[in-house]
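These are my notebook entries on a structure I wanted to read through with some care. I began with the surface and worked inwards from there.

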Amino acid sequence: MTQRRVIGPTAWIVGAAGLFIGALAGWLVSQGNPGNMGLCIACFWRDIAGFFVGGVSNQAAVAYIRPEIIGIILGALGAAIVTKEYKPRGGSAPLLRFVMGFIFMSSALVFLGCTVRAWVRLGGGDLTALWGLLGIVIGVGVGIVILKSGYNLGRAKGAPAWTGWIVTGIAVILLAFALWTQFGTKPEFATLTPANARAVIPGEVVVAPAPDGDGLTVLRPADATIVDGAVVAADGEVLADADKVASTGPMPGGRRAPFFISLAAGLAIGVVAQRSRFCSVGGIRDAILIRRFDLLFGVIGLVIGATVVNMIFGQYNLGFTGQPVAHNDALGNIAAMVIAALAAVMLGGCPMRQMIMGAEGDADGAAAVVGMVIGAGFTHWAGYASSPAGLADRAWPALGVMAVILAAIALAKRARAA
Amino acid sequence: MKEVDALGLSCPMPLMLTKKALEENPGEILVHVDSGTAKQNVVGLLSDYGFTVSVEQTGEEYRIKGMRA
C-alpha cells in the first residue's frame with residue numbers, strides 16, 4: 001500500500017465540534033446543571049425515565065424531562081433535513097439493538113455517566129473518570145476483536161416512512177410534557193424532582209427553596225416546618241438539624257439550567273453533532289481498528305473545551321474524591337465502562353450517535369434509544385444503579401449478566417462468510 | 001476497478017470494507033454507501049490514501065468514486 005496521511009482535514013472539524021460541545025457542557029453546569037453533567041446522554045434519559053416511572057422505580061431524586069435531549073434530537077433532525085440526509089431506514093436487527101441500548105444504559109448507570117460524560121467528567125478534573133476511560137479503551141478493544149471475527153448486525157434497508165419519525169416523535173411528546181410541566185402543573189402520574197430540592201434524609205426529609213425565594217420550605221414530611229434552619233415535625237421532634245440541612249446539596253434531578261437555555265444548548269449540540277459525526281467511542285475505535293485519528297480529535301476537543309470553561313467558572317476540581325455524581329470504585333468504574341463501550345461498538349456508535357441516527361430517520365438507532373430509556377427505568381427499579389457512595393450490591397452480578405448477553409449476541413451474529 | 005458495497009451497514013463496517021479493498025492497491029475504487037456518516041468517513045479515508053474523490057448522489061445511495069491521483 002502507498003503512503004497515507006493519518007490525520008485528515010475532518011480532524012479539525014470534529015475537533016472544533018468537540019471543543020464546542022465540551023465548552024457548552026461546562027457552561028450548562030454554571031447555568032444550574034449538576035456538576036460535570038452539562039451533557040450526559042445516559043443521565044438525561046435516566047431523568048426522563050424518572051419523570052414517567054419515577055414513582056415506581058425509586059427515582060424521585062432524578063426525575064426531570066431534560067430539554068437538552070429534545071434539543072439534540074430536533075437540532076439533528078433539522079440539520080439532516082437541510083442537508084438532505086434525512087432518510088427512513090431500518091431492519092438491521094432492531095431487537096438486538098434494543099437489548100444493547102438497554103445494556104448500554106444499565107452499565108452507564110453503574111459508572112454514573114455514559115461514554116460522553118466520561119470525557120465531560122475528565123474535563124471537570126474528575127480523575128475517577130480515568131478508570132472509566134480505561135474501561136472504554138478495553139471495551140473498544142474487545143469490540144474490535146468481535147468486529148474482526150466477522151460480527152455484523154446485517155444491512156439496514158429503506159423502511160416505511162413512519163419509522164423514520166420514531167425518535168422525533170418521542171422528542172415532540174417529551175416537549176409537550178416538558179412545556180405542560182414548565183408552564184402548568186405536572187401531570188398527576190408523573191414524578192418531578194422540584195428545582196434545587198435537597199434530600200436531607202433521602203425519601204424522608206426533603207426541603208426546597210421557598211417559592212418566594214426567601215429561605216426553605218419542607219416538601220416532606222407534609223406537616224413538618226423549618227425552625228431556625230432545622231426541619232421540625234408537627235410533634236416538635238427535630239428530624240434534621242440546621243447543620244445537616246445546610247450541608248445537604250440539591251439532588252441531581254433538581255439541578256438544572258433554565259428550560260430554554262437547556263433547550264437552545266441542546267439544539268446547538270444536535271446540529272454540531274449531526275454535521276461533525278462526533279462520537280464518544282468512535283475515536284478510539286477508529287484509531288485502533290483503522291488507524292484513522294480524525295474522530296479522536298472530537299473527544300480530545302471536548303475535554304479541552306470542558307476544562308477551559310470549567311476553570312473559567314471556578315468549577316474545576318482536580319482529584320479522585322469529592323467529585324459530583326461519581327464514585328471512586330476503580331474496578332467498578334472500569335468494568336461498567338468496558339460493558340458500555342463494548343455495547344456501543346457493537347451498536348456502531350455511542351448513545352449520542354444512536355439518538356442522532358434516530359433523528360436522521362434510522363429506526364435501528366431509535367430501537368437503541370428506546371432500549372436505553374427502558375433500561376434506565378429498569379436499572380433504578382431493580383436497584384443496581386450506583387450512588388456517589390459506590391456500587392450497589394447487585395451491580396456486579398448485573399454486569400456479569402450483561403457481559404454474557406453481549407457475548408451471546410457477538411457469537412450469534414458472526415457472519416459465516418466474512 | 002474495485003467496487004465495495006457498504007449499503008445499509010453501520011459504523012465502522014464501511015471503513016473496514018473500504019480499507020480491506022485498498023489492500024489490493026486498486027487504481028480506481030467505487031464505494032456504495034447510503035448514510036451521510038458513512039459517506040464522510042469513506043471520503044476522508046480515500047483522501048487520506050491520496051485518491052481524488054468524487055461523490056455522486058442518486059436517489060437511494062451515494063456513489064463514492066476514488067481515482068489514484
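I looked up the accessible surface of chain A and found about 15800 Å², with 68% of this area belonging to carbon and sulfur atoms. I note at the outset that this is a predicted model. For chain B the exposed area is about 2800 Å², of which carbon and sulfur atoms supply 47%.

**Entry: fold and dimensions of chain A**

I went through the secondary structure of chain A, which comes to 15 helices and eight strands. The C-alpha trace of chain A spans about 80 × 45 × 40 Å along its principal axes. I then checked the radius of gyration: chain A has 21 Å, and this agrees with the value near 22 Å that a compact globule of 418 residues would have. Of these 418 residues, 59% are buried. When I took the contacts in chain A between residues at least 6 apart in sequence, 76% of them turned out to join residues at least 24 apart. I also looked at the charges, and chain A carries 29 positive and 21 negative side chains, the centres of the two sets lying 21 Å apart.

**Entry: fold and dimensions of chain B**

I repeated these look-ups for chain B, which has two helices and four strands, arranged along the sequence in the pattern β-α-β-α-β-β. Its C-alpha trace spans about 25 × 20 × 20 Å along the principal axes. The radius of gyration of chain B is 10 Å, in agreement with the value near 11 Å for a compact globule of 69 residues. Buried residues account for 55% of the 69 residues in chain B. Among the contacts in chain B between residues at least 6 apart in sequence, I found that 58% join residues at least 24 apart. Chain B has 7 positive and 10 negative charges, and the mean positions of the two sets are 5 Å apart.

**Entry: aromatic pairs**

I searched for aromatic pairs over all chains, and the structure holds 14 of them. One of them joins Phe51(A) and Phe177(A) in an edge-to-face arrangement, with 6.3 Å centre to centre and 65° between the planes. This pair links distant parts of the chain, since Phe51(A) sits in helix 2 (residues 41-57) of chain A and Phe177(A) in helix 7 (residues 166-183) of chain A, 126 residues apart. Both Phe51(A) and Phe177(A) are buried. A further edge-to-face pair is formed by Phe259(A) and Phe260(A), with 5.0 Å centre to centre and 90° between the planes.

Are Phe259(A) and Phe260(A) buried or exposed? Phe259(A) has a relative accessibility of 4% and therefore counts as buried, whereas Phe260(A), at 48%, counts as partly exposed. I also noted one aromatic cluster, formed by Phe51(A), Phe52(A), Phe177(A), Trp180(A) and Phe189(A).

**Entry: Ala17(A)**

I picked out Ala17(A), which has its place in helix 1 (residues 10-30) of chain A. Ala17(A) is buried, because its relative accessible area is 5%, under the cut-off of 20%. Which residues is Ala17(A) in contact with, leaving aside its neighbours within four places in sequence? I found Val272(A) and Ser276(A). I also looked up the distance to Phe278(A): Ala17(A) and Phe278(A) are 261 residues apart in sequence, but their C-alpha atoms are 7.1 Å apart in space.

**Entry: backbone details**

I checked for cis peptide bonds, and one of them runs from Arg220(A) to Pro221(A), with omega near -5°. Pro221(A) has its place in the loop between strand 5 (216-220) and strand 6 (225-227) of chain A. In chain B, the peptide bond from Cys11(B) to Pro12(B) is cis, with omega near -5°, and Pro12(B) lies in the loop between strand 1 (2-5) and helix 1 (13-22).

I then looked for positive phi in residues other than glycine, and Ala93(A) has such a value, near 50°. Ala93(A) is in the loop between strand 1 (89-90) and helix 4 (94-111) of chain A, and with a relative accessible area of 16% Ala93(A) is buried. In chain B, Asn25(B) has a positive phi of about 55° although it is not a glycine. Asn25(B) is found in the loop between helix 1 and strand 2 (28-33) of chain B, and at a relative accessible area of 39% Asn25(B) is partly exposed.

Definitions and conventions: Residues are numbered from 1 along each chain as its sequence is written. Chains are lettered from A and ligands numbered from 1 in the order in which they are written. This is a predicted model: local features need pLDDT of at least 70, side-chain atom pairs count only at pLDDT 80 or more; totals for chains, interfaces and linings use all residues. Side-chain values use heavy atoms; hydrogens and water are left out. The radius of gyration is taken over C-alpha atoms; the globule rule is 2.2 Å times the number of residues to the power 0.38. Buried means under 20% relative accessible area, exposed over 50%, partly exposed in between (1.4 Å probe, protein chains only). Contact means heavy atoms within 4.5 Å. Accessible areas come from the Shrake-Rupley method with a 1.4 Å probe; for residues, only the protein chains shown count as cover. Lys and Arg count as positive and Asp and Glu as negative; His and the chain ends are not counted. The place of a charge is taken as NZ of Lys, CZ of Arg, CG of Asp or CD of Glu. Rings of Phe, Tyr and Trp (its six-membered ring) pair if their centres lie within 6.5 Å; planes under 30 degrees apart count as stacked, over 60 as edge-to-face and the rest as tilted.
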